[in-house]
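Here are my notes for you, written as a friendly walk through the model. Keep the picture open beside them and look up each residue as you read.

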Amino acid sequence: MYDADVLILGAGPAGCAAAIRAQQLGLQSLIIEPSTAPKGGPGETFHPGIEAIFRQLGILETVLAGGFHRHRGILVEWDGDPVFSPFGSDAGGDWLGWQIPREELLKLARAAAVQAGSRMIAGAPLSLIERGGWGVRTASANIRAPFILDATGRRRWLAKQLGIRVLRRSPRLLASFGWDDAANVEGDPALSATDDGWNWRAPLGKLGTAWVRLRVGVGEGVAEPSSSAGIDVSWRNAEVTCDAAWYLLGDAAAELDPASSHGVLRAMMSGIHAAHGIAQVLRGEISAAQAAATYAGWLRQTFEGEEKELRALYARHPSKLVADAFAAKP
Ligand SMILES: Cc1cc2nc3c(=O)[nH]c(=O)nc-3n(C[C@H](O)[C@H](O)[C@H](O)COP(=O)(O)OP(=O)(O)OC[C@H]3O[C@@H](n4cnc5c(N)ncnc54)[C@H](O)[C@@H]3O)c2cc1C
């Protein structure tokens, strides 16, 4: 009756991590993804902590072989003199962050998911099947599984089908981004406060430099700011993030602005957590309700911890406009 143990919508960082971990735990996963080839996009800076996730997913060696630019910390130009904030070090040397172009990361994560045995179907779900077990209709087939994971990022396909409310938890934050061929492409990324938000510049080694500009409070009061104004990266979380048979992963569950630099790490961890809980349920070790409660608790704690750190950063913002916007309720 079922086509897989776990049906995953979306092959971004969250969906790929869920698929790989599910396969490692002996489950059959099936991914539906509309984009046949990974596309480039913003979000290439990763905290050194992602290394443990790459190792767990079995992709660390491939990532290391890619020779991507590494950095020792972040230069922060915020509420005083510029401060270099290193990640730290141990007997093995400095802890290093990563600059991995999105397209490259997705290519290797998707390849690893398929190599682990996950089936990947090109396409998009058209509608949700809720009777006789969960599933989705696509243009070519009905696909059913006892568990369904929404890894569609900010599109939140499943969350929308289920009518789950998404709550905004920050002032309106709009981001624009791009890349340039800046000559100084070595070194560490820099986060600099501006009058209305911040600028970010990240050297990508031989690949040039990535930049992001964030503006606070622009488009406030407008239901949907026009896309030409930038991407809306306001902090958001879904009111409910899982139930016995479905889970929201990554950005579909909760989003913070790029100053956190943890979006991909959080997305991958959410996929791993969800797969782990589902495996326990299918082995009869815990109930589906217990797995869902554990996942929801972990997600809330992680999100709220990071949100608190970001709120403290914005409270120190030199522009009163920005600091006041965060002090007020969204
Ligand atoms: C400007 C900017 C800069 C950022 N910088 C960083 C950074 O430096 N470091 C960092 O860690 N994070 C960064 N982020 C955040 C990061 O990009 C996200 O948190 C992360 O990509 C979330 O992963 P995800 O798998 O949840 O979703 P996504 O990466 O959005 O992946 C979703 C996947 O679902 C697919 N999909 C969409 N609709 C459907 C559908 N209906 N059915 C099936 N599949 C579907 C998409 O094609 C895609 O493959 C940045 C974000 C922005 C906007």
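The points below go from the ligand to the nonpolar cores and then to some single residues.

1. **What you are looking at.** Please keep in mind that this is a predicted model. The distances and areas below are computed from its atoms, so treat them as a description of the model.

2. **The ligand and its shell.** How many residues surround the ligand? There are 31 of them, and E33, T45, R102, D251 and V264 are the closest. Sorted by class, the shell holds 15 nonpolar, ten polar and six charged residues.

3. **Which elements build the shell.** Try colouring the helices and strands to follow this point. At least two shell residues come from each of α1 (13-24), β2 (29-33), β3 (45-46), α4 (102-115), α6 (250-253) and α7 (263-282). The biggest contribution is from α7, which gives three residues.

4. **Polar atoms around the ligand.** Oxygen atoms of the ligand are a good place to zoom in. A backbone N or O atom of V264 is 2.9 Å from a ligand oxygen, and a backbone N or O atom of P13 is 3.3 Å from a ligand oxygen. With R110 the side chain takes part: one of its N or O atoms is 3.4 Å from an oxygen of the ligand. On its own the ligand would expose 1000 Å², and the protein buries 86% of that area.

5. **The largest nonpolar core.** Now turn to the protein itself. Its largest nonpolar core counts 71 residues, and L7, I50, F54, I148, L149, Y247 and L249 have the most contacts inside it. Helix α7 gives the most to this core, with ten residues. You have met α7 already, as the element that gives the most to the shell around the ligand.

6. **F54 and a second core.** To get a feeling for the packing, pick F54. Leaving out residues up to four places away in sequence, F54 touches I59, L60, V63, W98, I100, L105 and M268. Apart from the largest core lies another one, of 23 residues, including A175, W198, W235 and A254.

7. **S270, a serine in α7.** Is S270 buried or exposed? It counts as buried because its relative accessibility is 1%, and buried means under 20%. S270 lies in helix α7, and a polar atom of its side chain is 2.9 Å from the backbone nitrogen of G250. Beyond its neighbours within four places in sequence, S270 is in contact with A14, L249, G250, Y295, W298 and L299.

8. **S29, a serine in β2.** Strand β2 holds S29. With 0% relative accessibility, S29 counts as buried. Which side chain does the side chain of S29 meet in a polar contact? It is that of S118, at 2.8 Å. Not counting residues up to four places away, S29 also touches A4, V6, I8, A19, A22, Q23 and R119, among its contacts.

9. **Two neighbours in β17.** S192 and A193 make a nice pair to compare. S192 is in strand β17 (residues 190-194), and A193 is in strand β17 too. S192 has a relative accessible area of 17% and is therefore buried, whereas A193, at 22%, is partly exposed; the cut-off for buried is under 20%. The side chain of S192 makes a polar contact of 2.6 Å with the side chain of E77. The contacts of S192 include E77, W78 and W198, and A193 touches E77, W78, W198, H317 and P318, leaving aside residues up to four places away.

10. **Distances along the chain and in space.** A193 and S319 are 126 residues apart along the chain, with their C-alpha atoms 8.2 Å apart. For S192 and E33 the separation is 159 residues in sequence and 36 Å in space, C-alpha to C-alpha.

11. **Two positive phi angles.** Most residues other than glycine have a negative phi. R156 has a positive phi, near 50°, without being a glycine. R156 sits in the loop between β14 (147-150) and α5 (157-161), and it is buried, with a relative accessible area of 6%. S261 is not a glycine either, and its phi is positive at about 55°. You will find S261 in the loop between β23 (254-255) and α7.

How values were computed:
Residues numbered from 1 in each chain as written. Predicted model: local features only at pLDDT ≥ 70, side-chain atom pairs only at ≥ 80, totals over all residues. Heavy atoms only, no water. Near = heavy atom within 4 Å. Polar contact = N/O pair within 3.5 Å; in protein donor to acceptor, adjacent residues only side chain to side chain. Areas by Shrake-Rupley, 256 points an atom, 1.4 Å probe, with all protein chains shown as cover. Helix = DSSP H or I, 4+ residues; strand = E, 2+ residues; numbered from the N terminus. Nonpolar A, V, L, I, M, F, W, Y, C, P; charged D, E, K, R; others polar. Core = buried A, V, L, I, M, F, W, Y, C linked by side-chain atoms within 4.5 Å. Buried < 20%, exposed > 50% of the residue type's maximum accessible area, 1.4 Å probe, protein only. Contact = heavy atoms within 4.5 Å.
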